[in-house]
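Here are some exercises to work through with the model open beside you. Try each task by yourself before you read its solution.

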Amino acid sequence: MSVTVEPMPVETGETTPAQALRPHAEDAFAGELAALAAQDDRPRPARWKLSPWAVATYLLGGTLPDGTVISPKYVGPRRIVEVAVTTLATDRALLLLGVPGTAKTWVSEHLAAAVSGDSTLLVQGTAGTPEEAIRYGWNYAQLLANGPSRDALVPSPVMRAMAEGMTARVEELTRIPADVQDTLITILSEKTLPIPELGQEVQAVRGFNLIATANDRDRGVNDLSSALRRRFNTVVLPLPESVEAEVDIVSRRVDQIGRSLDLPAVPEGIDEIRRVVTVFRELRDGVTADGRTKIKSPSGTLSTAEAISVVTNGLALAAHFGDGVLRAGDVAAGILGAVVRDPAADRVVWQEYLEAVVRERDGWTDFYRACREVSA
Amino acid sequence: MTGIDGGEGGAIGGEPLLLGVRHHGPGSARAVRAALDAARPRVVLIEGPPEADALIPLAADADMRPPVALLAHAVDEPGRSAFWPLAEFSPEWVAMRWALEQEIPARFIDWPATHSLVWGRDAEAEGAGSSDGTEDADPIDVRVDPLAVLAETAGYDDPERWWEDVVEHRGGGTGDVFGPFLALEEAMGALRETYGHGGHDKDLVREAYMRLQVRAAQREFGAGVAVVCGAWHVPALRQKASVAADRALVKGLPKVKADMTWVPWTHRRLSRVSGYGAGIDSPGWYGHLFAAPDRPIERWMTKVAGLLRAEDRLVSSAHVIEAVRLAETLAAMRGRPLAGLSETTDAVRAVMCEGSDVPLSLVHDRLVVGDVLGEVPQGAPAVPLQRDLDRVQRRLRLKPEALERELELDLRKEIDAGRSRLLHRLRLLGVAWGEPVASRGSTGTFRETWRLRWEPELAVRVAEAGVWGTTVPAAATARAEADAVGAPSLADVTALAERCLLAELPDALPVVMQVLADRAALDTDVGHLAQALPALVRSLRYGDVRGTDTHALTEVAEGLAERIFVGLPPACAALDADAAEEIRRHVDAVHGAVGLLGDAAAAGGASVPATDGAERTPGGSLRARWHSVLRVLCGRESVPGVIRGRAVRLLLDDGELGQDEAARLMGLVLSPGTPPADAAAWIEGFVGGGAGGGMLLVHDERLLGLVDTWLTGVPADAFTDVLPLLRRTFSAYEAGVRRTLGELVRRGPGEGSGGRQAGGGAGLPGFAADLDAARADAVLPVVRLLLGLDDVPGHRGADDNDLAGVGR
């Protein structure tokens, strides 16, 4: 026997989209979604708001036949988005992997918004996420007063998505304790959620699917069991493809952060930002920018997010203790901290990089000296 | 028009049946077979060099296994050659096999290799050494790629995908078997109207030749003529041109005496552009498409799963099912009729590889490209490599003899240097004709001794090596490059670099050096790096002897040294006795190598005492940085005593450390606070390792005194522990040194003139107590001459150090 679950009652005084500090994707891009839906004449899977093709267009951007411009939500390989959308259409769950700062959450939110028109069926994974967050909980007042019944049941976002044929999202799946993770197995393979207390079950309606995100650098936290892992199609979101793209991302974010921290604007810093990004990319990829020399990679992630924090730190140093110009010395300590996570192995990697690459590079003498100073 | 519309068996209209194909296209191959089955021609003409006609029957041989290649080479110059590779799924191969099965004649109709080989020479003036000199054999090139133009017109960004969709994926067997060829011919006709011969004036000649051949066949066989050629040529063959005009075009072409044979080929090499021109990236995938009777995607995914399981990855049948579903849905979403390679690859990555590219690269390597090696029957004519070897053997007057004999080579002589090169190259190719043996008598680098013995099976080895190239140097170069890429360890690559220098293969060096630099960069074991460096520096010396350019080698060696400098101090912590002993050997080896390298980089750098490794001193700073590393080593408590002692000793020998400072460090270590075993190890490092250490003690009585004092202070229970170490240290000394030391100890250290004594041990029988300065001075000019120190002004301290160094 299956039950239907009514949507959560709308609470009084809920924030309207216009007032929200950060509106949901489906509200922020409502116009684009509507335009796409109007133009979309391709077959749509059950309960999808758009066809897979239109979902891919929504994420990657483009111009519709009637001239509506769809802004790109994700800048990256087309292949990735296509595989992700297709996975959702084949009723397999989607796992987005990537180092921090690769837009995993962003992609998952927009996918849910485009597919189901609702990106709010969200479970945030933490070390303390309980089973109730994935299955269901109880309203104890009701439970005590009336005994177990459907009214006393508090559905989780996943349960609601199953009942309504929507897309559920689980953020930071690997932070959730392993036993709680495994509650997803039945949901993903049997597509049902039993409620033994009532002798009932919730069967997933066609259109239900699940998007999970995980950080592939903290595998050690709570690695997925192989049973769970094989119920997901995995898509790895890559780091920015070119130096230019990454420099652009870093300087834009640094500018935003700097403004909110009231740091003085430092336009001269762009060369230093390029240098930080170059160092990060080279160490991350294990090869120099010209592709001619291989180098060892340190154990740290060296994500774009870390590059941003190194530059922001350097800016603060330059503004408060220096002459206001971002210099090699301001970023050197930050880079050292980001690179050398494991004091023994990473230090060798870093020194090799300094001696073999940085020392020989034209115009990097100041940077080399600054790094030698902080590394010594 | 394809010439026939009905396709009645054997009854072909007046026109020849023209089957335009894509070289190495499995879809084309299938379509060709269907068309031939339907049309049943009486002769099959195939694009390819007519000299190979006689070789066609070998294609039916039981031992013939594609991929193979037709190889044409100039008889007098085996380096001038061209390949026409054929895989199982090549339309040309299919047509050839079809003709052989039906027992009807098959012929090649392209212009003869006699001409193409020599025309290739005009095109590339410097191409004498290149192993595949005919990039001109096919019209499809970067200037005008007809497929790219067609694909672009159809709205595809990738011509491969367009071809897959339009031709490779059309299901065989249903409908009109000639329709696709017709459509393709029309498209090509339109292209050629726009682009003419596409910048390939040679094509006009080739097509004229083909027309003549087709006409000759028509005269002989009447209407039953089928032609299999590149799609690009079809409109030209259809074209009505007068025999006279064609004759005029092909007249007076330059010629060279050419020879042809079959050689085994590999899937990996199919991706190279030669002969038929169109290289393909995914021969394994095409082979699968051709071989799979039905459900190609399902079969492919099963294959992938099998491979991943064999590599211990967990892949279940459920994975295969999901991967197939994902691939097909992806194809639908991308608007393709069938899932192609890109869809299957995406699906495999997402479902079976957990999004990782690492297992995926395995799939690419083993399946998409594939490790298929072709085979050629014994009856195939000799490979050109054998001919080249014969020629070189004649020129060098080095006859292959079954009888074992020794050969002394003096590399200063032209002919001997040539012989040495040949033997080294053959060794690289796995043709073990000569074995190098240790030279008797002389140890000079210009002398080599070989033990020669020609076994009959070496001929087979030569034939096998034919796949690498057509001349000994070209084949050895290709083989060395491949070996470098596949070498398991850093030391192997270094050894290979050395062999490349010995065999004088400068063309292989860049690849080998690149691999070496990459391996060195990624190797985390300082031991490996330290092992590699001496061989590399030795190679540099060979390079000097043989006058090859070793600039790249020097750079790599310096890079290697840098990495050792950085990695050595951390690698010296927490070692047991054996590991410490090993590192000590590495330190010695690196020291010697750095000395030689430093000489090469800049002389005199060593005399500048470095205060800080960070200083950017040019050139000779390599030695300075090494000295600073040694300084770090000798001052660090966590470093085992044997290494610390060695570091002090090396610094002392190089004049980087004063005798006083060395004595101070020794005093520190031998002070009562240090465990006796550690101190003994230090002594082993400092004065161990042969005669040099003993001489040091003989010459510096203060050091001897320190050792003596320490030894008498070692507690009784610790003495048995340090005894084996000390015995090892001192037993390595020569008898004379041991006796002198004994004399000194018996006399009691510190007697005589006290402090530091330069010269013979005072108090030895037959020697005066003091140095005779006048007689010593008389020797100095000769010593200076011997050491090549003419330009250095006489300096007492320096001479002392050098004397100590000579004794090492």
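**Exercise 1. Two helices in chain B**

Describe how helix 16 of chain B and helix 18 of chain B pack, giving the angle and the distance between their axes.

*Solution.* A word of caution to begin with: this is a predicted model.

Step 1. Find helix 16 at residues 384–395 of chain B and helix 18 at residues 457–465 of chain B. They pack at an angle of about 120°, and their axes are 8 Å apart.

Step 2. Put a word to the angle. Angles of 65 to 115 degrees count as roughly perpendicular and those over 145 as roughly antiparallel. Helix 16 of chain B and helix 18 of chain B are therefore oblique to each other.

Step 3. Pick out the residues that touch. Helix 16 of chain B brings L385(B), Q386(B) and L389(B), while helix 18 of chain B brings V462(B), A463(B) and A465(B).

Step 4. Sort the residues of this contact between helix 16 of chain B and helix 18 of chain B by class: five are nonpolar, one is polar and none is charged.

**Exercise 2. A second helix pair**

Now treat helix 19 of chain B and helix 20 of chain B in the same manner: at what angle do they pack?

*Solution.*

Step 1. Helix 19 covers residues 472–486 of chain B, and helix 20 covers residues 490–502 of chain B. The angle is about 165°, with 9 Å between the axes.

Step 2. Angles over 145 degrees count as roughly antiparallel. Helix 19 of chain B and helix 20 of chain B are therefore roughly antiparallel to each other.

Step 3. Look at the handedness: helix 19 of chain B and helix 20 of chain B make a left-handed crossing.

Step 4. List the contact residues. A480(B), D483(B) and A484(B) of helix 19 of chain B meet V493(B), L496(B) and C500(B) of helix 20 of chain B. By class, the contact of helix 19 of chain B with helix 20 of chain B has five nonpolar residues, no polar ones and one charged.

**Exercise 3. A sheet in chain A**

Work out the strand order of the open five-stranded sheet in chain A, and say which strands stand at its edges.

*Solution.*

Step 1. The order is 4-7-10-3-11 (chain A), and the pairing is parallel.

Step 2. Strand 4 (122–124) and strand 11 (232–236) of chain A each have a single partner strand, so one side of each is left without a neighbour in the sheet. These two are the edge strands.

Step 3. Check the twist: on average, neighbouring strands of this sheet are turned by 20° against each other, direction ignored.

Step 4. Follow one pair in detail. Strand 3 (residues 93–98) of chain A pairs with strand 11 of chain A in the parallel sense, over five bridges. Here L97(A) stands opposite V236(A) in strand 11 of chain A.

Step 5. Add the helix. Helix 7 (residues 157–164) of chain A packs on the sheet and touches strand 4 and strand 7 (167–171) of chain A. The direction of helix 7 of chain A makes about 160° with that of strand 7 of chain A.

**Exercise 4. A hairpin in chain A**

Which residues of strand 8 of chain A lie on its covered face, and which on its uncovered one?

*Solution.*

Step 1. Recall the pattern: in a regular strand, side chains alternate between the two faces of the sheet.

Step 2. Apply it to strand 8 (residues 192–195) of chain A. L193(A) and I195(A) make up the covered face, and T192(A) and P194(A) the uncovered one.

Step 3. Find the partner. Strand 8 of chain A runs antiparallel to strand 9 (residues 200–203) of chain A, and four bridges join them. T192(A) stands opposite Q203(A) in strand 9 of chain A.

Step 4. Close the turn. Strand 8 and strand 9 of chain A form a hairpin with four residues between them. In the turn, G199(A) has a positive phi of about 65°.

**Exercise 5. Where the chains meet**

How many residues does each chain give to the contact, and which helix of chain B gives the largest share of its side?

*Solution.*

Step 1. Chain B gives 30 residues and chain A gives 30 residues.

Step 2. On the side of chain B that touches chain A, the elements giving two or more residues are helix 13 (317–333), helix 14 (341–352), helix 21 (509–522) and helix 23 (551–571) of chain B.

Step 3. The largest share of that side, eight residues, comes from helix 13 of chain B.

Step 4. By class, the side of chain B that touches chain A has 13 nonpolar, eight polar and nine charged residues.

Note on methods
Residues numbered from 1 in each chain as written. Chains lettered and ligands numbered in written order. Predicted model: local features only at pLDDT ≥ 70, side-chain atom pairs only at ≥ 80, totals over all residues. Pairing = 2+ DSSP bridges. Axes fitted to C-alpha atoms, helices over the stretch in contact; angles between N-to-C directions. Contact = placed C-beta atoms within 7 Å. Nonpolar A, V, L, I, M, F, W, Y, C, P; charged D, E, K, R; others polar. Parallel < 35°, antiparallel > 145°, perpendicular 65-115°, else oblique. Buried ≥ 20, exposed ≤ 12 C-beta atoms within 10 Å, placed from the backbone. Left-handed = near helix turned anticlockwise from the far one by under 90°.
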